[in-house]
Every structure is written in C-alpha cells, then in structure tokens.
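Student: Could you take a close look with me at one part of this model? I would like to see how a single helix sits within the whole chain.

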Amino acid sequence: MKLAKYTLYLLLAISVVVIVMFFTNLESDSMVSLLLNWTYVLFAVSLVAIALLPFFYGDGKGVKGTLVKVGLFALVVLISYLCSTSAEVPTSVQVTEGQLKFTDGIMLCTTILVVVAILVIACGKLITKINNR
C-alpha cells in the first residue's frame, strides 16, 4: 500500500512542476508538447493500473469481474474507433487523418460512456423506487 501512496505523490509532484512550467512559459510550443506528453503518460499509467491492480489485490470473483469490465470498455473503445471518421475540419494546424480519426473516436467514446452513465443512474433510481413499494 505504501508503494501506491509514494507513486501517487511522485506523479502529483511531477504534475505540479509540469503545470507550473506550462503557465510560466505560455508562448513556447515545447511547453504545450510537454503538457500533452505528460498527459499521455498519466493516461497510460492509469490504464495499466486499472488493468493490472485487480490481479494483485483481488480474489477470483473480483478478477473475473474486472476482466469483464475491462473487456466491455475495450469493446466500447473499439466500436467508437471503428465508427469514427477522418473528416476534415477547418483549422490552421496541420493534422493527419489518423489524428482526426483518433479524436473523433475519443469524442464518440466519451459520448457513449456519458449516455450509459446517465442511463445507469436513472435506471438505478427507478429500480430502487420499484423495490421500495
């Protein structure tokens, strides 16, 4: 448990340093690149933690449930990516087709997950009201 706490403190400290560097030097494109790269690192660390930690801290049922949830999430991401397009958008920045498809897939995935979260909340309230009668 101490490893998780120390890792959290380390990532938080690095994040604070990166954010301070970003806001003290806004005109530099390298700062934007640094901030984006650090965001990618944090995202990758969180995905690895979500996928691997249940194997170290869970029982058999927990691992199976985690695998199902990670599989469903991967399915949503895959469907989002396959449904995304690389349609051109007016911008002054050079973007590749792959970047457009990736960002469109991320937006579709976010939309799907938000709708599912709202439905789960609404259905949970409805089921609670029905069971309390």
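Tutor: Happy to; what follows goes from the whole chain to helix H4 and its neighbour H3.

A word on the ground rules: this is a predicted model, where local features need pLDDT of at least 70, side-chain atom pairs count only at pLDDT 80 or more, and totals for chains, interfaces and linings use all residues. Residues are numbered from 1 along each chain as its sequence is written, and side-chain values use heavy atoms, with hydrogens and water left out.

The protein chain has four helices and zero strands, where helices (H or I, at least four residues) and strands (E, at least two) are DSSP runs numbered from the N terminus. The radius of gyration, taken over C-alpha atoms, is 20 Å for the protein chain, well over the 14 Å that the globule rule (2.2 Å times the number of residues to the power 0.38) gives for 133 residues, so the chain is more spread out than a compact globule. Along the principal axes, its C-alpha atoms fill a box of roughly 60 × 45 × 30 Å. Of the 133 residues, 11% count as buried; here buried means under 20% relative accessible area, exposed over 50%, and partly exposed in between (1.4 Å probe, protein chains only).

Now to the part itself. Helix H4 covers residues 97–131. Its 35 residues should span 51 Å at 1.5 Å a residue, and its end C-alpha atoms are 50 Å apart, which agrees; the expected span is 1.5 Å times one less than the number of residues. The buried residues in H4 are Leu100, Asp104, Gly105 and Cys109, and what covers them includes H3. Thr103 also lies in H4, but Thr103 is partly exposed, with a relative accessible area of 40%. Its C-alpha atom is separated by 9.4 Å from that of Thr85, 18 residues apart along the chain.

Turning to H3, this helix (residues 60–83) has 24 residues and reaches 35 Å from its first C-alpha to its last, close to the 34 Å expected. Val63, Thr66 and Ser80 are the buried residues of H3, and they pack against helix H2 (29–57) as well as H4. Contact means heavy atoms within 4.5 Å, and residues 24 or more positions apart account for 37% of the contacts in the protein chain with a separation of 6 or more.
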